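Subject: Structure for your bench work

Dear colleague,

Here is the structure I said I would hand over. My notes on what was found in it follow below.

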Amino acid sequence: MPPVVSVIIPTFNRLPLVGEAVESVLAQSYSDFELIVVDDGSTDDTQKGLAKFDSRLRLLTRARGGVAAARNLGVSQALGRYVAFLDSDDLWRPKKLEIQTAFMEQHPEVQICQTEEIWLRNGVRVNPKAKHQKPSGDIFFRSLELCLVSPSAVMMTKALLERSGGFDETFPVCEDYDLWLRVAVEHSVPLISEPLVIKRGGHADQLSRSTWAMDRYRVLTLQKLLRAGLSDERRAAALEVLRSKVFVLAQGARKRGKEQQANEYVSMRAEFDQESVDVGNGNSRVRVSEGLSPEDAGALA
């Protein structure tokens, strides 16, 4: 019989953290799961370090392609009805899968949920700012400004993930923001209030610290959503956030003497001010100007 849950951990040069993440999965009170670790081209001793877990995990290896591509590879090999992600620098508390799987089974109308989490920075517990407080239910409007869904806290049906198109592999960062917004257009995302994830931050290789001006990628998500079509209320909210973000990005580009780039951000806003319905070719002016084509952007993650 296939497992109920497929757990997917993408990793790149994260020893010994990834080993600790694996141990937190294997220590779960719930046992009907498979564990897939995707090594995204690590150059350290990741494979050797994970060998001690033998048949308790499935190790997939691939050339460096970014966290979105690594997660998608894991999903393509997953056998479970539900998929749960764990970032290789995070940990699960022992009842995470038990509580979350029970919630999904008790609410068959729900296709995705997340849990609360504990934040550690350099080993010290910190409290999230008010803007990071997770919403529950219709999260679309709150999630436009920044990502309020943690991959390590999510459980979702594999079917929903596949219908949504998975993670956008052209995004070196903000690939989670992009997916959760696409999902939230039509689906509620309930929050389990018990903190079942330990998020460990402060280390130098965090993706959220690796790329300047992450709003560049958030506006690409908003552009995709607006081009795809949104209902009036959601469209108005997404357009308001897009306008705000591209204004700031254009100002920043001008300060750095990049007038052409600034004009491209202004043009992005003008496209939707005119209510254009042209879906374009998926290769936006902003991405082209940054030298990030759909073929090579994922490799920068």
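**Notes on the model**

Pro16 sits in the loop that runs between strand E1 (5-11) and helix H1 (17-26). Please keep in mind that this is a predicted model.

The peptide bond that joins Leu15 and Pro16 is cis, with omega at about 0°. Asn13 belongs to the loop between E1 and H1 as well. Its phi is near 50°, which is a positive value in a residue other than glycine. Asn13 is partly exposed, with a relative accessible area of 25%.

Cys174 also has a positive phi, about 65°, although it is not a glycine. Cys174 lies in the loop between helix H6 (158-164) and H7. Cys174 is buried, with a relative accessible area of 4%. As background, most residues other than glycine have a negative phi, and most peptide bonds are trans.

**Cores**

The largest nonpolar core has 51 residues. Those with the most contacts inside this core are Phe85, Ile112, Leu144, Met156, Trp180, Leu222 and Leu242. Helix H9 (residues 232-255) supplies the largest share of the core, 9 residues. There is also a second, separate core of 28 residues, which includes Val7, Val18, Tyr82 and Leu97.

What does Ile112 touch, leaving aside its neighbours within four places in sequence? Its contacts are Met104, Val154, Met155, Met156, Leu160, Trp180, Val183, Ser188, Val189 and Pro190. Met156 and Trp180 in that list are also among the residues with the most contacts inside the largest core.

**Helix H3**

Helix H3 (residues 67-77) has 8 of its 11 residues buried, so it is largely enclosed by the rest of the structure. The buried residues of H3 are Val67, Ala68, Ala69, Ala70, Arg71, Asn72, Gly74 and Val75. Arg71 and Asn72 are thus listed with the buried residues. The elements that the buried residues of H3 pack against are E1, strand E2 (33-40), strand E3 (58-62), strand E4 (82-85), H6 and H7.

**Helix packing**

Helix H7 (residues 175-184) packs with helix H8 (residues 215-228) at an angle of about 25°, and their axes are 9 Å apart. H7 and H8 are therefore roughly parallel to each other. The crossing of H7 past H8 is right-handed. On the H7 side, the residues that meet H8 are Tyr177, Asp178, Leu181 and Arg182. They meet Arg218, Thr221, Leu222, Lys224 and Leu225 in H8. By type, the residues of this contact of H7 with H8 are 4 nonpolar, 1 polar and 4 charged.

H8 also packs with H9: their axes come within 10 Å and cross at roughly 145°. This crossing of H8 and H9 is left-handed. H8 contributes Asp215, Arg216, Arg218, Val219, Leu222, Gln223 and Leu226. H9 contributes Arg235, Ala238, Leu239, Val241, Leu242, Lys245, Val246 and Leu249. The residues of the contact of H8 with H9 divide into 9 nonpolar, 1 polar and 5 charged.

Leu222 appears in the contact of H7 with H8 and in the contact of H8 with H9. Leu222 is also one of the residues with the most contacts inside the largest nonpolar core, as is Leu242, which is part of the H9 side of the contact with H8.

Regards

Key. Residues numbered from 1 in each chain as written. Predicted model: local features only at pLDDT ≥ 70, side-chain atom pairs only at ≥ 80, totals over all residues. Heavy atoms only, no water. Core = buried A, V, L, I, M, F, W, Y, C linked by side-chain atoms within 4.5 Å. Buried < 20%, exposed > 50% of the residue type's maximum accessible area, 1.4 Å probe, protein only. Helix = DSSP H or I, 4+ residues; strand = E, 2+ residues; numbered from the N terminus. Contact = heavy atoms within 4.5 Å. Axes fitted to C-alpha atoms, helices over the stretch in contact; angles between N-to-C directions. Parallel < 35°, antiparallel > 145°, perpendicular 65-115°, else oblique. Left-handed = near helix turned anticlockwise from the far one by under 90°. Nonpolar A, V, L, I, M, F, W, Y, C, P; charged D, E, K, R; others polar.
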